[in-house]
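Visitor: I have a new structure open and would like to learn how to read it. Could you walk me through it?

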Amino acid sequence: MNSITKEIKVWDLLIRLFHWGLVMTFIIAYASEDDFMLIHSYAGYTIMGLLLIRVIWGLIGTKYARFSEFIRPPHEALNYIKDTASFKAKRYLGHNPAGGLMIIALLLSLLLTTLTGLGAYGVEGGGPLAIWFSGIGHFGKEAFEEVHEFFANLTLFLIIVHVAGVILGSISHGENLVRAMFTGLKQTD
Ligand code: HEM
């Protein structure tokens, strides 16, 4: 059997477009936070749209995209991390239990970042939440901005751990996970 026939499609096109679209829009949103509010808010709306699509796809999408395929109890994630530390972690075709938990943390943190951003924008009289939040005063504005910044930085922290996990996973199983997120393909065992 040659190497081509041993590769199977794990990440479908939607997952790959979602992933690299998210990477690009997150970078744009993070870099534009202070001086380019229009770009910042459009990047935020795009992230919200991507999250919505991903949640729907997690319910009705292809095998490895489904939440039911990769959401595992925290103790399985912990055992996986312990196994990784002793170089005996099992290889998964989809997300491993720790990776799966990280994906949920990333999606939630991104959602809270965008929602609080929308709130902060609303306080300033912009966006769909303006009817509720505009005019709640200086304290409300400060509070939204603080919480928004907290979640943006939490997301950044999770991304750093996520990328470190991807590198560690690639090394410990001798495979290129980043390449797989571009091609969608992974070798079967
Ligand atoms: C250059 C930086 C990045 C690299 C190299 C990278 C790489 C990857 C890889 C290889 C996977 C698949 C993991 C696996 O095999 O189980 C993945 C999944 C994922 N990454 Fe990243 N990532 C990066 C940045 C980001 C950023 C910035 C975000 C969020 C803003 C993010 C969010 C996600 C999410 C949500 C998934 C799950 C994909 C899905 O099932 O929908 N990643 N990433």
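Guide: We will go from the overall layout to the helix pairs and then to the ligand. Keep in mind that this is a predicted model.

Visitor: How many helices and strands does the protein have?

Guide: The protein has eight helices and two strands. Read from the N terminus, the order of elements is β-α-α-α-α-α-α-α-α-β, with a strand at each end of the series. Along its principal axes, the C-alpha trace spans about 65 × 30 × 30 Å.

Visitor: What span is expected for helix α5, and what span does α5 have?

Guide: The idea is to count 1.5 Å a residue and compare the result with the distance between the end C-alpha atoms. The 27 residues of α5 should span 39 Å, and the end C-alpha atoms of α5 are 39 Å apart, so the two agree. Helix α4, residues 74-85, has twelve residues and reaches 17 Å from first C-alpha to last, close to the 16 Å expected.

Visitor: Which residues with a positive phi come after these two helices?

Guide: After α4 comes Phe-87, with a positive phi near 55°. Just after α5, the residue to look at is Gly-125, whose phi is positive at about 90°.

Visitor: Now the packing. How are two packed helices described?

Guide: Two numbers do the work: the angle between the axes and the distance between the axes. Let us try α1 and α2. Their axes come within 9 Å and cross at roughly 155°. An angle over 145 degrees counts as roughly antiparallel, so α1 is roughly antiparallel to α2. The crossing of α1 and α2 is left-handed.

Visitor: Which residues make the contact between α1 and α2?

Guide: From α1 they include Leu-14, Phe-18, Leu-22 and Phe-26, and from α2 they include Ile-39, Ala-43, Ile-47 and Trp-57. By class, this contact has twelve nonpolar, five polar and one charged residues.

Visitor: At what angle do α2 and α5 cross?

Guide: Helix α2, residues 37-60, and α5 cross at roughly 140°, and their axes come within 10 Å. That angle makes α2 and α5 oblique to each other, and their crossing is left-handed. On the α2 side, Ser-41, Gly-44, Ile-47, Met-48, Leu-51 and Arg-54 take part. They meet Leu-107, Leu-110, Leu-111, Thr-114, Gly-117 and Tyr-121 of α5. Sorted by class, the contact of α2 with α5 has seven nonpolar, four polar and one charged residues.

Visitor: And where do α4 and α5 meet?

Guide: In α4, look for Pro-74, Glu-76, Ala-77, Tyr-80 and Ile-81; in α5, for Pro-97, Ala-98 and Leu-101. This contact has seven nonpolar, no polar and one charged residues. The axes of α4 and α5 come within 7 Å and cross at roughly 125°, so α4 and α5 are oblique to each other. Their crossing is left-handed.

Visitor: Let us turn to the ligand. How many residues surround the ligand, and which are the closest?

Guide: To read a binding site, start with the residues around it, then ask which elements supply them. Here 20 residues surround the ligand, and the closest are Phe-26, His-95, Gly-99, Leu-177 and Met-181. Two or more residues of the shell come from each of α1 (13-31), α5 (97-123), α7 (137-173) and α8 (177-183).

Visitor: Which element gives the most to the shell, and is the shell mostly nonpolar or charged?

Guide: The most comes from α1, with six residues. By class, the shell around the ligand has 15 nonpolar, four polar and one charged residues.

Notes. Residues numbered from 1 in each chain as written. Predicted model: local features only at pLDDT ≥ 70, side-chain atom pairs only at ≥ 80, totals over all residues. Near = placed C-beta within 6 Å. Helix = DSSP H or I, 4+ residues; strand = E, 2+ residues; numbered from the N terminus. Nonpolar A, V, L, I, M, F, W, Y, C, P; charged D, E, K, R; others polar. Expected span 1.5 Å × (residues − 1). Axes fitted to C-alpha atoms, helices over the stretch in contact; angles between N-to-C directions. Parallel < 35°, antiparallel > 145°, perpendicular 65-115°, else oblique. Left-handed = near helix turned anticlockwise from the far one by under 90°. Contact = placed C-beta atoms within 7 Å.
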